[in-house]
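Me: Please take a close look at one part of this protein chain, the hairpin and the segments beside it. I would like a connected account.

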Amino acid sequence: MVIPDAGRINRILTDANAGYQHNPPMLIATRVHIRITVPDAPNSLDVQAQTLINESLNASQRLGGSKFHVTQRCV
């Protein structure tokens, strides 16, 4: 596989308005970049389901439903 030289990489970066310049071995920012925040990963579906089940059972008990006991079982 042929690796492009720094000049070619810089042309691509410039054409894409990437805001970087390759000056081997460094990649240099040519403009101020705005920091973005990455949201935390959401709970997995099994955790979301277990939470919903527990909330529903608690609501049922508060409304006078019969007492349920749920156990977690790994299959």
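Reply: The account below begins with the whole chain and then turns to the hairpin and its neighbours.

The model is predicted: local features require pLDDT of at least 70, side-chain atom pairs count only at pLDDT 80 or more, and totals for chains, interfaces and linings use all residues. Residues are numbered from 1 along each chain as its sequence is written, and side-chain values use heavy atoms, with hydrogens and water left out.

The protein chain contains 2 helices and 2 strands, in the order α-β-β-α along the sequence. Helices (H or I, at least four residues) and strands (E, at least two) are DSSP runs, numbered from the N terminus. Of the 75 residues in the protein chain, 5% are buried; buried means under 20% relative accessible area, exposed over 50%, and partly exposed in between (1.4 Å probe, protein chains only).

The hairpin is formed by strand β1 (residues 20-23) and strand β2 (residues 26-29), which run antiparallel and are joined by 4 bridges. Two strands pair if DSSP finds at least two bridges between them. Y20 stands opposite A29 in β2, and 2 residues connect β1 to β2. P25 belongs to that loop between β1 and β2. The peptide bond from P24 to P25 is cis, with omega near 5 degrees.

Before the hairpin, N17 sits in the loop between α1 and β1. N17 is not a glycine, yet has a positive phi of about 50 degrees. Most residues other than glycine have a negative phi, and most peptide bonds are trans. N17 counts as exposed because its relative accessibility is 57%.

Helix α1 (residues 6-15) includes N10, which counts as buried because its relative accessibility is 15%. Leaving aside residues up to four places away in sequence, N10 touches Q21 and H22, where contact means heavy atoms within 4.5 Å. A polar atom of the N10 side chain lies 2.5 Å from the backbone nitrogen of H22. A polar contact is a pair of N or O atoms within 3.5 Å; within protein, one must be able to donate a hydrogen and the other to accept it, and residues adjacent in sequence count only if both atoms are side-chain atoms.

After the hairpin in the sequence pattern comes the second helix. Just after α2, G64 takes a positive phi of about 95 degrees.
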